[in-house]
Amino acid sequence: MTSLGGRRRTSPRCGRQVQRQIIQSTWSSLRTRTHRAVRRMGGGAKANATAHAQWAQSSGAVVRQAIVDTVKIALSDPKVKSVVICGQNGNFCGGADIKEFGGEMTGPPLIPMIHAIEAANKPMVAAIEGNALGGGLELALGCHYRIAHSKARLGLPEVTLGLLPAAGGSQRLPRLIGVPDALDLITTGRIVTAAEALRLGIVDQVTEHNTVDAAVKFALSVAGQPLDARRISTFPCPRPPDSDALFEEAMRKVRGSARGAMAPVACVQAVRAAATLPYERGMEREKELMATLFTSGQARALQYVFFAQRAVGRWSMPSGAGWDTSKPRPVNKAAVIGLGTMGRGITVALAQTGLSVVAIETQEKQLMEAKQAVTSMLERGAKRRGAAPALDRISYSRNIQAVADVDLVIEAVFEDMALKLEVFRQLSAFCKPGTLLCTNTSALDVDELARGTPNPELVVGMHFFAPAHVMKLLEVVYGKRSSPQAVATAMQLGKKMGKASVAVGNCRGFVGNRMLRLYVEQAFFLLEEGATPELVDGALEEFGFPMGVFRMSDLSGLDVGWRTRKAAGQAQPGEASGQSARIRNGSRYSPIGDLVCEQGRFGQKTGRGWYQYDKPGSRVARSDPWLHSFLEQYRARHGLVARSIDRQEVLERCLYALVNEGFRILEDGIAAGPEDIDVIYVFGYGWPGHRGGPMFYASTVGLPKVLERLEHYHQAHPDVPDLQPCGLLRRLVASGSPPVHRWREVIKKLHSQL
Ligand SMILES: CCCCCCCCCCCCC[C@H](O)CC(=O)SCCNC(=O)CCNC(=O)[C@H](O)C(C)(C)COP(=O)(O)OP(=O)(O)OC[C@H]1O[C@@H](n2cnc3c(N)ncnc32)[C@H](O)[C@@H]1OP(=O)(O)O
């Protein structure tokens with residue numbers, strides 16, 4: 001008996017041997033061992049060499065080579081009856097190394113490798129632990145059998161990277177599980193649990209025990225059996241009778257949800273090829289479609305977002321403290337104060353993360369309403385996930401003293417500084433020493449709140465986005481005195497909650513809302529100059545936003561911004577129609593939003609806003625003649641002559657103003673790098689991922705062009721100082737417009753000179 005696997009296996013029952021190729025798919029940490037093992041193989045490997053290999057980072061080619069070599073040896077060794085392919089350290093394989101895509105691809109190509117596995121005349125069994133994603137799942141689909149651990153996660157997330165499963169995934173999956181389910185998985189990139197994979201027919205068996213042992217046992221049991229019926233590429237693709245309608249519906253859905261994104265469309269086309277063409281021709285189509293995506297700007301943007309999401313986890317503060325030097329405190333129990341919309345969502349998100357939560361609301365009626373709402377949110381979520389609702393993790397109280405034993409509090413009361421200060425004063429009195437005090441504010445000054453407590457180092461902002469249990473973004477706002485440990489704790493909690501958590505400095509609006517103000521302001525100015533909400537929204541939606549600025553503010557409520565402007569002293573009663581209506585602090589101001597609010601038009605909830613709705617709460621926006629004549633009267637009153645505005649101007653004015661503020665934020669050190677801003681915009685503000693976030697987008701437009709357009713618009717509107725190009729933008733252009741991943745160097749240099 002010879003063994004090619006690291007750990008030799010023999011079946012106690014039959015004593016036949018199973019060959020195991022270990023694909024080590026955990027990323028960087030095990031690379032050294034990988035290389036050593038591979039060198040061993042390369043150096044005249046004997047049949048009993050261990051074949052560790054890593055399929056990720058820069059060694060994708062190395063792993064493919066190792067698989068090809070080892071499979072060849074296994075298939076030619078008569079003593080080997082079956083082969084089990086597994087990963088190492090609890091992971092099967094996360095897919096192709098995305099970084100390899102940027103350069104010259106070397107090593108054996110994936111598709112022939114998978115074909116050779118499928119064509120093997122010995123049973124090939126995939127033992128799936130951890131992740132089998134993308135190319136990893138495609139490899140498993142090339143095997144004749146798949147055994148998964150109950151905690152395994154499987155999926156084809158290529159679409160989220162602007163690609164499609166192009167190692168046969170788009171052709172094999174529909175043949176295996178049918179067109180509707182394959183379309184769902186491939187066009188959304190949704191990852192499924194082992195239980196769902198079993199139900200869908202992706203895997204043959206799920207085990208609670210050692211997956212490799214289970215796979216070995218299984219492989220021995222099927223050794224010698226015919227394999228013809230196990231080769232997925234030979235299956236006819238089950239074609240539903242109404243397949244034309246099905247594909248049209250799928251196309252309509254992807255076009256509607258990811259405006260302008262190419263990959264979801266290509267995914268539908270590839271699955272359609274699986275359903276209508278013989279396998280070989282389907283593979284040609286898959287390749288053709290992939291070739292278009294592979295070099296596209298959209299794929300580059302989405303892959304940038306993937307790495308940016310990971311980069312923001314390596315946060316730092318201006319003091320130099322950061323993720324690598326700050327140890328988070330353990331958080332097992334948390335309290336939420338204030339159970340309005342945000343507080344309820346935060347309570348649900350915390351409970352779903354597995355924490356014990358004390359939910360506090362001082363009024364009995366509100367507390368009971370909140371309890372009911374939280375319960376039904378948890379039940380709905382649990383139903384969707386097929387899990388039990390985490391109801392018993394939450395206790396409800398009217399008494400703020402219930403915070404006594406919690407590790408962290410998230411205050412989510414009304415946006416009013418005096419009220420928040422009072423809550424923080426009480427929290428400081430009742431919490432045990434060391435409890436972290438977090439405020440869920442979207443705009444208030446975290447430093448001012450911290451100053452009102454005896455331990456300002458324990459205060460941080462946790463800016464959630466509504467609905468807090470759904471939205472993926474969390475801004476963790478550090479104040480001047482927040483300790484790195486407090487920031488580390490909030491960041492770690494955010495990560496546990498599944499949020500893209502970004503550490504940012506304290507300033508008005510933090511990062512997201514500070515930039516948004518400029519975008520909305522330009523949209524108002526455009527209305528004054530002759531645009532309509534329909535024109536502005538049309539341009540932004542064509543760009544890829546799910547909703548334009550006016551439809552979005554109708555959804556979130558026009559009164560929210562109005563309240564903020566009033567609090568900032570910008571929108572005084574009666575002022576909107578007065579003489580100085582269009583000037584604030586010497587700069588141009590548009591009171592249009594204030595005037596619309598004065599009419600009681602708060603958007604969808606009142607049935608009227610920038611658009612009209614059939615009834616309050618209805619979602620379908622229709623053009624409103626009242627609004628158009630209001631705009632005409634407004635212009636006439638202020639002596640403004642409407643001019644023709646095109647979509648290009650709408651995009652340049654709204655987006656470049658926002659980007660310019662992003663540069664100011666980098667210059668001020670409020671965000672550490674462009675990735676932080678881009679993650680905030682993609683995950684919190686609907687910026688289309690295939691455009692990579694505002695800062696990445698600016699780099700693709702070209703910084704000199706952005707600078708030139710800002711200069712142009714600033715000249716045309718000298719009363720809008722925000723359009724003046726930021727110094728950092730000028731500096732980047734002067735230093736040759738380096739690619740976005742090198743901006744941090746320029747920013748660092750800039751800060752070191754200040
Ligand atoms: C003219 C042109 C012709 C074109 C024709 C070309 C044809 C080419 C044929 C190609 C065939 C296609 C093959 C296949 O279909 C394509 C793919 O497989 S694409 C990849 C699909 N996989 C994924 O999307 C999974 C991505 N990864 C994850 O979801 C997660 O990382 C994980 C696997 C679930 C693990 O999560 P965590 O444990 O939380 O760890 P991290 O996420 O923090 O990751 C750790 C570390 O690893 C890096 N990393 C992760 N995945 C990849 C990857 N696929 N490639 C490269 N690097 C990866 C990640 O960035 C982290 O590193 P750090 O950033 O911290 O340095």
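This is a short group-meeting talk on the domains, one domain contact, the nonpolar core and two helices of a predicted model.

Hi everyone, thanks for coming. Please keep in mind throughout that we are looking at a predicted model.

Let's start with the layout. The domain assignment splits the chain into domain 1 at 17–234, domain 2 at 333–507, domain 3 at 531–642 and domain 4 at 648–753. For the second of these there is also a record to look at: UniProt, in an unreviewed entry, places the feature "domain: 3-hydroxyacyl-CoA dehydrogenase NAD binding" at residues 333–506. Over that stretch, the chain is 39% helix and 23% strand, and the C-alpha atoms at the two ends are 26 Å apart.

Now, how do domain 3 and domain 4 meet? Twelve residues of domain 3 are in contact with eleven of domain 4. On the domain 3 side, the elements giving two or more residues are helix H20 (533–543) and strand E19 (587–588). H20 provides the largest share, five residues. By type, that side of domain 3 has nine nonpolar residues, two polar and one charged. As for the domain centres, taken over C-alpha atoms, they lie 26 Å apart.

On to the core. The largest nonpolar core has 219 residues, and Val125, Ile128, Leu164, Ala215, Val336, Val409 and Val476 have the most contacts inside it. Helix H11 gives this core its largest share, eleven residues. If you'd like one residue to click on, try Val336. Leaving out residues up to four places away in sequence, Val336 touches Gly343, Ile346, Thr347, Leu350, Val357, Ala359, Ile360, Ile410 and Ala412.

H11 also comes up when we look at two other helices. Take H7 first, residues 179–188: its buried residues are Val179, Ala182, Leu183, Leu185, Ile186 and Thr187. They are covered by elements including strand E7 (153–155), helix H6 (169–177), helix H10 (243–257) and H11. Right after H7 comes Gly189, with a positive phi near 75°.

The other one is H13, which runs over residues 297–311. This helix has 15 residues and spans 20 Å from first to last C-alpha, close to the 21 Å expected. Which residues of H13 are buried? They are Gln298, Ala299, Ala301, Leu302, Tyr304, Val305 and Ala308. These pack against H11 (262–276) and helix H12 (279–294), and also against helix H26 (674–684) and helix H27 (694–701).

So, if you open the model later, H11 is a good place to begin: it is among the elements covering H7, and H13 packs against it. Thanks, and I'm happy to take questions!

Note on methods: Residues numbered from 1 in each chain as written. Predicted model: local features only at pLDDT ≥ 70, side-chain atom pairs only at ≥ 80, totals over all residues. Helix = DSSP H or I, 4+ residues; strand = E, 2+ residues; numbered from the N terminus. Expected span 1.5 Å × (residues − 1). Buried ≥ 20, exposed ≤ 12 C-beta atoms within 10 Å, placed from the backbone. Contact = placed C-beta atoms within 7 Å. Domains from an automatic or database assignment. Nonpolar A, V, L, I, M, F, W, Y, C, P; charged D, E, K, R; others polar. UniProt positions renumbered as here; feature names shortened; annotations may be inferred. Core = buried A, V, L, I, M, F, W, Y, C linked by C-beta atoms within 7 Å.
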